[in-house]
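Trainee: Could we go through this model together? I would like to understand what stands behind the labels people put on residues.
Mentor: Happy to, let us look at it side by side.

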Amino acid sequence: MSPRICCSLLTVMVLVWHSQVAQSVEVCCCPDLTLSLSAVQSNTTKSVHNGFMVVAKQGSAVTFDCDLGDKDHEAVKSVVYKFHKTSDLSSTRGRPISLSLHGSTSKEICTDKEVSRNTCTLDSVRNSEQADYRGSLDSADNHFYQCSAVITLVDGSVVKLWSHTVKLDVYYPPNKVQSTKYDPLKVPDGRGAVRLACNLPESNPRTKARWWFKQQEEDTWQVIDIPNDRVRGERLIIEEDEITLDPTYPDERGTLLVMVFDHTVDVGMYKCEGVYDTVLGDTDTSFDIAQYELTWRGDQDTGSLRLRGVSYITEPKLLNQDSVVNFTVYAQDAPGRGNYGNVTYTWQFVGGDPRVDVDFDQHPGLQLSNYGRTLTVTDILTYRDNEFQCVMKRYTSDKFGRVDQSETSSNEFSIRRSGLVIAPKFISVPLTSRKCENKGENLRTAPNRAYMMNTPDLAAENPRQVLVGADSWKYYINDYRLLFLRDDPEGNFDNATAAGLTEEQLARKLPEKYNDRCIYWQYMRAQSRQYQIWEVMKTSRMDEGMGSGCQDLDSSFCDKVTAVLREREGDKTVAVSFAEDVELTAQCLVTQLVDTSDNVLGEQRFKKTADSCSDRDPPRLTFHEDPDSRFPARTSLKIRIAPEGMKGCEIAITSDEDEDEEDHSLDHLKDAIDDVKAALDEFKEALDDLHLPDVADW
């Protein structure tokens, strides 16, 4: 290369770079910024509960991935990722973990990684039974995790987002114990409660008890299946939870209770087996723990029978909107004998005065089983606001014929409180309005998939987002109530078609952000002991003038747009061209290739960034046929152009069959010119990354 050419090229490079630095860049299409935290799946790490919990084997490595939606958007200049953890969500008081850093409540992790890396790896994770204490952050890993991202846009705007929280549960298997064979127990008929203990070893998840029974003079052991045992099921209890309604009579988890002993069916061998079962699978095991023999003493027990709640079970503990929930109660010394009547179980709706018994014929979403002791809710969305309680009664008569009634009630069961949490299969804000009423003259809100905060006071310094309040006590993902900031207290901002922020409210709360084009705000939508859910909302502000605000695209716009279907060597493309005199506005225009059923076959946006969004050059767009999804016939295709979320216009697609070869060559030339322009844009970006000094400094 000659010195003259080299010098000229260097001059061009410097001038191009200097021009790019000197110009301000506008964001024409706001990126859909969302943030989601997940764990990388492996043989030792599994995601459960729809991603809100991660389980891992003790001693293994766990990698968290902080995924930023639309991170490749042209408007995104740089991203900084951070990771935090806390031992207790309640200590964050509704704040993101990173804004609750005080004392030993929470902690930043992976501080030695590159700030632009969106992964964080925990080596050799550890479990601690004291993980909910603040001092455990350095000694254990079974905590709550959250990531945050600081996104800098090309126009200098900064957006800070937080992900939802994820609970890490660290699994470790039980230490197998040596099986113990106890001496035979002699029991009289009618004995109220015969307790057979099963000393379950510690593990995570907890080892469960599985009981077996073998009658005398038989060789085959049978698993005790209480709900389906039509002979003895009503008189058997396996204590699933360490929960008792009468704390003066505690029993260990796994204990088998044989109620109101009957020597004709209860005499035999009993064996307790510990069962360790996980989603990881390779450490699953079962082992014998204890063995008992029950024999008949030959007499009758005439002592009193007690009525008290022994334990109750709620399964599963964490669920989604399609789950089936079982509430189970147990009463001691049931069903009854002699002058002690059978125990009755009556399920009631809680909340009324008096409380109303459940009419199962009128409520098909509620089912009764297990001798009346188990209430099954098969339709969570219908009964999500209900609480249930089981009333257990027994009538006892004395020798004078007088009748006494004993009664006890179970704890209240509910799907909406912290005992059970609904985790969503998908996260989306149910704002479907495409209108501009009650949203200000030139603001448009768009729902987004992400997560976070419940007060404007929690915003970072110089916030680029507006934070609004939401009801943190509603755990329901669909059909919840949003509490938005308001200008007019009498206005209706709580329904899906009117919620939003007005210009006046934005100007009053964050005046320095009033002229920002892309505004993001966050709020917390749900909180429980297991996770927090946050939501991101985006507002795109349009420049004043033609097509500003939420205005639909004028149909005359499409009169200056042509779309041609071309086929070359079996490959089909649809080329969209704009006339030179077409007038573009600052709106983010979206071009879609759709069929007659309105299925979107392809989608492209006009240039997302520009020196001036109102003065962009019209683009040339091309849709290529996917080998796995062929285009239908030309007459079944059309082009639709519209601002995001607004009405636009449609263009019929013509064919190039009547075009001559000269036209084809010109088309290829135009494509080549577009390729050169794209290469120059990449060259400019590369020069910008070199951080060369200003020309004035040369």
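Mentor: Let us begin with a term: a salt bridge is a side-chain nitrogen of Lys or Arg within 4 Å of a carboxyl oxygen of Asp or Glu. Keep in mind that this is a predicted model.

Trainee: Why is the pair Asp-67 and Lys-71 called a salt bridge?
Mentor: The closest N and O atoms of Asp-67 and Lys-71 are 3.4 Å apart, and the cut-off is within 4 Å, so the pair qualifies. The structure holds 17 salt bridges.

Trainee: What makes Asp-67 partly exposed?
Mentor: Asp-67 has 36% relative accessibility. Buried means under 20% and exposed over 50%, so a value in between is called partly exposed. Lys-71 gets that label because its relative accessible area is 36%.

Trainee: Which parts does the pair Arg-232 and Asp-266 tie together?
Mentor: Here the closest N and O atoms are 2.9 Å apart. Arg-232 sits in the loop between β16 (222–223) and β17 (236–238), while Asp-266 belongs to helix α2 (residues 263–266), so the salt bridge links parts 34 residues apart in sequence. Both Arg-232 and Asp-266 are buried.

Trainee: How do you know that Arg-297 and Asp-299 form a salt bridge?
Mentor: Their side chains meet at 2.8 Å, N to O, and the limit is within 4 Å, so the label applies. Arg-297 counts as partly exposed because its relative accessible area is 45%, and Asp-299 does so because its relative accessibility is 30%. Elsewhere, Asp-598, Lys-638, Arg-640 and Glu-650 are joined into one network by salt bridges that share partners.

Trainee: Why is Asp-301 called buried?
Mentor: Asp-301 has a relative accessible area of 17%, and buried means under 20%, so the name fits. Asp-301 is found in the loop between β20 (285–300) and β21 (309–315).

Trainee: What does Asp-301 touch?
Mentor: Leaving aside residues up to four places away in sequence, Asp-301 touches Pro-188, Asp-189, Gly-190, Arg-191 and Arg-337. With Arg-191 there is a polar contact between the two side chains, at 2.9 Å.

Trainee: What makes Phe-683 partly exposed?
Mentor: Its 37% relative accessibility falls between the 20% and 50% limits, so Phe-683 is classed as partly exposed. Phe-683 is part of helix α5 (residues 661–689). Together with Val-676 and Leu-680, Phe-683 forms a nonpolar surface patch of about 270 Å² of accessible area.

Trainee: Which residues touch the most other members of the largest nonpolar core?
Mentor: That core has 34 residues, and Leu-33, Phe-64, Leu-68, Phe-83, Leu-122, Ile-151 and Leu-168 touch the most other members. Strand β9 (residues 144–153) gives the most to this core, with 5 residues.

Trainee: How many helices and strands does the protein chain have?
Mentor: There are 5 helices and 43 strands. Of the 698 residues in the chain, 48% are buried.

Trainee: What share of the contacts comes from residues 24 or more positions apart?
Mentor: They account for 71% of the contacts with a separation of 6 or more. As for the surface, the chain's accessible area comes to about 34700 Å², with 46% belonging to carbon and sulfur atoms.

How values were computed
Residues numbered from 1 in each chain as written. Predicted model: local features only at pLDDT ≥ 70, side-chain atom pairs only at ≥ 80, totals over all residues. Heavy atoms only, no water. Core = buried A, V, L, I, M, F, W, Y, C linked by side-chain atoms within 4.5 Å. Buried < 20%, exposed > 50% of the residue type's maximum accessible area, 1.4 Å probe, protein only. Helix = DSSP H or I, 4+ residues; strand = E, 2+ residues; numbered from the N terminus. Polar contact = N/O pair within 3.5 Å; in protein donor to acceptor, adjacent residues only side chain to side chain. Contact = heavy atoms within 4.5 Å. Patch = residues over 30% accessible without salt bridge, like charges linked within 9 Å, V, L, I, M, F, W, Y side chains within 5 Å. Areas by Shrake-Rupley, 256 points an atom, 1.4 Å probe, with all protein chains shown as cover.
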